[in-house]
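Follow the chain with the model open beside you. We start from one residue and work outward.

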Amino acid sequence: MIPHSVEGMVPITKNNNMCLNCHTPANAKAMKVTAIPASHFEDNFKSGKKSGKLAGSRYNCTLCHAPQA
């Protein structure tokens, strides 16, 4: 669940994902929010390799995570 409103943040696209501003592992600790897990940086549909960027299949947060607000 997403514990905040996503008003003004959707639709989420590969080129426009405001969630990354706070939830990338590099920013999350300073923002005191949950970091995107390491599994979201693995390309499970192709090779399973880890990379420094979000896997193409994981960019749309609201497909799995629903807003509470």
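Start at Thr 62. Setting aside residues up to four places away in sequence, Thr 62 touches Ile 2, Val 10 and Ile 12. This is a predicted model, and the values below are computed from it. The C-alpha atoms of Thr 62 and Val 10 are separated by 8.7 Å, yet the two residues are 52 residues apart along the chain. Thr 62 also has a polar partner: its side chain joins that of Asn 60 in a polar contact of 2.9 Å. How does Thr 62 count, at 31% relative accessibility? The buried class ends at 20% and the exposed class begins over 50%, so Thr 62 counts as partly exposed. Thr 62 sits in the segment after α2.

Ala 66 lies in that segment after α2 too. Leaving aside neighbours within four places, Ala 66 is in contact with Met 1 and Ile 2. The C-alpha atoms of Ala 66 and His 4 are 9.9 Å apart, with their positions 62 residues apart along the chain. At 36% relative accessibility, Ala 66 counts as partly exposed.

Now step back to the whole chain. The protein has 69 residues, and buried residues make up 23% of them. Its secondary structure comes to 2 helices and 0 strands. Take the contacts between residues at least 6 apart in sequence: 41% of them join residues at least 24 apart.

Next, the core. Nonpolar side chains in soluble globular proteins tend to be buried together. Here the largest nonpolar core has 6 residues: Ile 2, Val 6, Met 9, Ile 12, Cys 19 and Cys 61. Ile 2 and Ile 12 have appeared already, as contacts of Thr 62. Met 9, another core member, touches His 4, Met 18 and Cys 19, again not counting residues up to four places away.

Asn 17 is worth a stop. Which residues does Asn 17 touch, beyond those up to four places away in sequence? They are Ile 12, Leu 54, Tyr 59 and Cys 61. Two of these, Ile 12 and Cys 61, belong to the largest nonpolar core. Asn 17 counts as buried because its relative accessibility is 9%, under the 20% cut-off. Its side chain has polar partners on the backbone. The side chain reaches the backbone nitrogen of Cys 19 at 3.0 Å. A polar atom of the same side chain lies 2.7 Å from the backbone oxygen of Tyr 59. Asn 17 is found in the segment before α1, which spans 20-23.

Look for empty space next. Rolling a probe the size of a water molecule over the atoms shows where such space is left. The largest pocket has a volume of about 500 Å³. Of its 21 lining residues, the closest to the centre are Ile 2, Ile 36, His 40, Cys 61 and His 65. Ile 2 and Cys 61 are also members of the largest nonpolar core. The lining divides into 13 nonpolar, 7 polar and 1 charged.

Finish with the backbone. Most residues other than glycine have a negative phi, and most peptide bonds are trans. Two places depart from those habits. The peptide bond from Val 10 to Pro 11 is cis, with omega near 10°. Pro 11 is in the segment before α1. Lys 32 is not a glycine, but has a positive phi of about 60°. Lys 32 is placed in the segment after α2, the helix at 25-31. At 77% relative accessibility, Lys 32 counts as exposed.

Technical notes. Residues numbered from 1 in each chain as written. Predicted model: local features only at pLDDT ≥ 70, side-chain atom pairs only at ≥ 80, totals over all residues. Heavy atoms only, no water. Core = buried A, V, L, I, M, F, W, Y, C linked by side-chain atoms within 4.5 Å. Buried < 20%, exposed > 50% of the residue type's maximum accessible area, 1.4 Å probe, protein only. Contact = heavy atoms within 4.5 Å. 1 Å grid on protein atoms, 1.4 Å probe; cavity = no way out; pocket = protein on both sides within 12 Å on 5 of 7 lines; lining within 4 Å. Points joined across faces, edges and corners; volume = space filled by probe spheres on them. Nonpolar A, V, L, I, M, F, W, Y, C, P; charged D, E, K, R; others polar. Helix = DSSP H or I, 4+ residues; strand = E, 2+ residues; numbered from the N terminus. Polar contact = N/O pair within 3.5 Å; in protein donor to acceptor, adjacent residues only side chain to side chain.
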